Amino acid sequence: MNEIKKIGFIGLGVMGEPMCRNLAAKQAVPVLAYDTQQGPLERLGQAIQVASAVGQVIREADLVFLSLPSGEVVAKICEQADGLLENCRAGQIIVDLSTSPVELTRQLFEKFNAKGVLFIDAPVARTRAAAVAGTLSIMVGAQEGEFAQIKPYLATFASEITLCGPVGSGQVVKILNNMVLFETVAALSEAHAIAQKAGVDPKKLFETLALGSADSFALRNHGLKAIIPGEFPERAFSVEYAAKDLRYALDLAEQTEVDAAGARNVRRLFDLAVARGDGELYHPVISRVLEGKV
């Protein structure tokens, strides 16, 4: 890797903006940022330099982070005219913090590798609050030496950074992390609806489950903080975003010839939630589907 004289950051959405802020604040190299929306660029203010296009970011930066809403968007900015592949140079490193399909990640690795550029997958987990606090969990797909090079930069916005294996492995772990989370939220939603109809206070149910073997991160956060109070805000991890990640998991299950029946059931609940008009709400809103609430 060449000396890092400038860092690029593309994508300043719900997670990208606080990650970029922490990155700029906690290391001495200037950060050149790009987003299609002016709001986050203005909020970051003098902490960053502003790029006019993705092509400018890759031409000027030595290390580039991507934080984008889907693998499809990652592929677009890599392959479009005046995009990353067209403007990259040997010795650069590109780190994809987005959740992207495993197959796409490995294809992009090969394309950038042919130009002497290293492409690493490092999808992030946990909440926006964790991104603000700098306590995200990151799953990395890279070789050990490459991992050591980028880890100090990842540590500016993450407290848990795990090398999961070679390229693509970070995406596998992140996609399956989300699949397990979604299935757990679906199980909590089912338990909530059954308890309510059986005459038991769902809040008492969840508080009691948290004391035993059914305790989980999903129970304490998605269950007690979203399903019980019925709070499903926008600009959180919406049904539509969750459905995208679940689609990647189901694609991976098909490729590996695993019958992921639980994941398919969650896809059904996501589809029903979208049909109800809840697609932009926080994904535990699937509990409404099982309760039959309008």
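Where is the place of Glu-257? This residue sits in the loop between α12 (239-255) and α13 (261-275). I'll come back to that loop below; here are my notes, point by point.

1. **What you're looking at.** Keep in mind that this is a predicted model. The protein has 14 helices and 9 strands. Measured out along the principal axes, its C-alpha trace covers about 65 × 45 × 35 Å.

2. **Overall packing.** A compact globule of 294 residues would have a radius of gyration near 19 Å, and the 20 Å of this protein agrees with that. Buried residues make up 52% of the 294. If you take the contacts with a separation of 6 or more, 68% of them come from residues 24 or more positions apart.

3. **Surface and charge.** About 13200 Å² of the protein is exposed, and 52% of that comes from carbon and sulfur atoms. On the charge side, there are 34 negative and 29 positive side chains. The centres of those two sets are 5 Å apart.

4. **Cysteines.** How many disulfides does the count come to? The answer is 0. Take Cys-78: the closest cysteine sulfur is in Cys-88, and at 9.0 Å that is too far for a bond, because a disulfide needs the two sulfurs within 2.5 Å. Cys-88 is in no disulfide either, with the sulfur of Cys-78 as its nearest at 9.0 Å. As for their surroundings, Cys-78 counts as buried at 0% relative accessibility, and Cys-88 counts as buried at 13%.

5. **Gly-11 and what it touches.** Gly-11 is in the loop between β1 (7-10) and α1. Is this glycine buried or exposed? It is buried, with a relative accessible area of 4%. Setting aside residues up to four places away in sequence, Gly-11 touches Gly-16, Tyr-34, Asp-35, Ser-67 and Leu-68. Gln-27 is another story: it is 16 residues from Gly-11 in sequence, and the two C-alpha atoms are 19 Å apart.

6. **Helix α1.** One of those partners of Gly-11, Gly-16, is also among the buried residues of α1. The helix runs over residues 16-26 and is mostly covered, with 8 of its 11 residues buried. Besides Gly-16, the buried set holds Glu-17, Pro-18, Met-19, Cys-20, Asn-22, Leu-23 and Ala-24.

7. **Just past α1.** Ala-28 is in the loop between α1 and β2 (31-34). This alanine is exposed, at a relative accessible area of 81%. For a sense of distance across the model, look at Ala-28 and Leu-252: they are 224 residues apart in sequence and 39 Å apart in space, C-alpha to C-alpha.

8. **Glu-183 and its partners.** Which helix holds Glu-183? That would be α9 (residues 169-197). Glu-183 counts as partly exposed, at 27% relative accessibility. Once neighbours within four places in sequence are left aside, its contacts are Gly-262, Ala-263 and Val-266. Gly-262 is 79 residues from Glu-183 along the chain, yet their C-alpha atoms are separated by 6.5 Å.

9. **The C-terminal helix in the numbering.** Glu-291 is part of helix α14 (residues 286-291). With a relative accessible area of 13%, Glu-291 is buried. What is Glu-291 in contact with, leaving aside its neighbours within four places in sequence? The list is His-192, Ala-193, Gln-196 and Lys-197.

10. **Two backbone spots to check.** Asp-82 has a phi near 60 degrees, a positive value in a residue other than glycine. Asp-82 lies in the loop between α4 (71-79) and α5 (84-87), and at 30% relative accessibility this aspartate counts as partly exposed. Glu-257, from my opening question, likewise has a positive phi near 60 degrees. Glu-257 is exposed, with a relative accessible area of 75%.

Key. Residues are numbered from 1 along each chain as its sequence is written. This is a predicted model: local features need pLDDT of at least 70, side-chain atom pairs count only at pLDDT 80 or more; totals for chains, interfaces and linings use all residues. Side-chain values use heavy atoms; hydrogens and water are left out. Helices (H or I, at least four residues) and strands (E, at least two) are DSSP runs, numbered from the N terminus. The radius of gyration is taken over C-alpha atoms; the globule rule is 2.2 Å times the number of residues to the power 0.38. Buried means under 20% relative accessible area, exposed over 50%, partly exposed in between (1.4 Å probe, protein chains only). Contact means heavy atoms within 4.5 Å. Accessible areas come from the Shrake-Rupley method with a 1.4 Å probe; for residues, only the protein chains shown count as cover. Lys and Arg count as positive and Asp and Glu as negative; His and the chain ends are not counted. The place of a charge is taken as NZ of Lys, CZ of Arg, CG of Asp or CD of Glu.
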